[in-house]
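This report describes one protein chain for a reader who has not met it before. The sequence and structure are shown first, and the description follows.

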Amino acid sequence: TLYREARIADEEGFLLSVLPSTGAAYMRRDPYWTATSNLVGNLVRSFRNSPSIIYWGLFNEFGQFYGLGNAAEQTPKTVEMGRYCESLDPTRFWCSHGDAEMGVPAGGPGPSAVRSIHYPINLAYGGNDFPEVAYWYAEGRRSWQGVSPLTKPLMVSEDLYHGMNDHISCMGKWEDDDMYEADGYLRAWRKAVAMLADGYYYAGIGEWNPWFTYSTCPDNPLFADGPLMPDFLIARRHGFANVASGTTFEDSLHVYNELLAPEDCTLARVDAFNGKPVGKPVVERFTLGPGERRDGTLAFRVPRLEGSAPGRYEVAYTLSSGTNALATRTFAFNVLPAPADYPMPDGAVLVDYGTNASPVRALFPADRVFTNAASIPAGSSTIVVTGSVPRDEGTALNRRVVAGGQALLLVGDDGGWSPIGIDARQAHAHAWRRTPGFLPDVDNSLWSVWRPNANLGSGAIAKDATLDLDVLVDSCHSAGFV
């Protein structure tokens, strides 16, 4: 079948990577290496004239980091196999998938012309969140293998699956509870790929091979809207989606051509607020060269809200060439009341769990401030909460919610708020600080937020579905709401 696949790829223009052998550690004795040498030699001689094959991937996770053998003993033999490939085909490079440069000690400088690593950054927890984590390489962060310098091309030969499918609820950070529906689950995967592509295309990573869930199933709806790894991509640099009423928003915009040919492009933009068009469509025309990125600006004046109800602002882009649509992307923003526009609900009381410095406290007279749920006057339907709520207090507040009240968590701390403790690795929704120095008086722990039908608390802990928690707001800073 490889002959047929290579022939079709040559004709249609697909690029192929090959992997002739993995082999377990106990197999790596002399007979194994002799047989592998014959296999690799036959493979290279048979397909070196096939232009669709871009490099020779000899092995997979073969002893550098994964405990399958002694790196000091096995690495020289793998390198010897790579040199053998070079002698048969000097026009292509070789690598061992997931084994960096094939250096000794593991992860150090080695003879491979490229670095190949797997799952370089934890995407699901440990303080890393989409979409910021996608720019780890461009920002010079180190992978767990120790890779960061931009001195050799980087191949991320496996990515995304670990931290996504084995910690599934992390998808709720961008897909909310909808991810538990079949269509929402697939949308979450597509969005994850798009967000990683934002950062990886920006960094110019040489090869990227994301692993998906059940991607080989026939008629998989995961691919219904086209290829997951887009040839053309419209992206904004930051992902923060909350904007304040009456302010001006601005972010960097990037348009990518990942193909090997130039394209004459038209980029059309249409804005809308609460479903109604805003202004006139904007059209730009330009040529994108092979592998080129065009930088621009996404900016708009945020409409002023009437009252305290939030709004939705959307910026829809379409990239086309002639009559062919190359890419579409809609960026949606939650328009929230400006700090001075948000009144406290009539009759609201404040329960302050140890954050006496909270700016929210100044919004309440002293006789409307309490320190525990038991002291709240009967009939108080709206309870504003600041601080980290102990388990018993969370349960007591929940009883009021079940009875028809509302609890608004305005200012949290590192403890978060939940009547039960759940592993923070099962995180859902967050807010991120997008620009260095933005709101410097807000601690990072306060940026985590809970969407009403997903998660709760600054620790991004999952909501307990057995409780009737009704949290309306979960983000605040010293100047008011954002």
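## Helix H6 and the residue after it

Gly404, which comes after helix H6, has a positive phi, near 110 degrees. Helices here are DSSP runs of H or I with at least four residues, strands are runs of E with at least two, and both are numbered from the N terminus. H6 covers residues 391-402; at 1.5 Å a residue its 12 residues should span 16 Å, and its end C-alpha atoms are indeed 16 Å apart. The expected span is 1.5 Å times one less than the number of residues in the helix.

The buried residues of H6 are Glu393, Gly394, Ala396, Leu397, Asn398 and Val401. Buried stands for under 20% relative accessible area, exposed for over 50%, and partly exposed for values in between, with a 1.4 Å probe and protein chains only.

## Basis of the model

The model is predicted: local features need pLDDT of at least 70, side-chain atom pairs count only at pLDDT 80 or more, and totals for chains, interfaces and linings use all residues. Residues are numbered from 1 along each chain as its sequence is written, and side-chain values use heavy atoms, with hydrogens and water left out.

## The chain as a whole

The chain contains 6 helices and 20 strands. Its length is 482 residues, of which 50% count as buried. Among contacts (heavy atoms within 4.5 Å) with a separation of 6 or more, 67% join residues 24 or more positions apart.

## Helix H2

Helix H2 comprises residues 30-47, and its end C-alpha atoms lie 26 Å apart, in agreement with the 26 Å expected for 18 residues at 1.5 Å a residue. Its buried residues are Tyr32, Trp33, Thr36, Val40, Gly41, Leu43, Val44 and Phe47. Seen down the axis of H2, these buried residues fall within an arc of 165 degrees, so they line one face of the helix. The arc is taken from the directions from the helix axis to the C-beta atoms. On the face turned away from the buried side, H2 carries the exposed residues Asp30 and Pro31.

## Asp198 in helix H5

Asp198 is located in helix H5. Its relative accessibility is 4%, and therefore Asp198 counts as buried. Leaving aside residues up to four places away in sequence, Asp198 touches Tyr135, Leu233, Ala235, Arg236, Tyr256 and Arg329.
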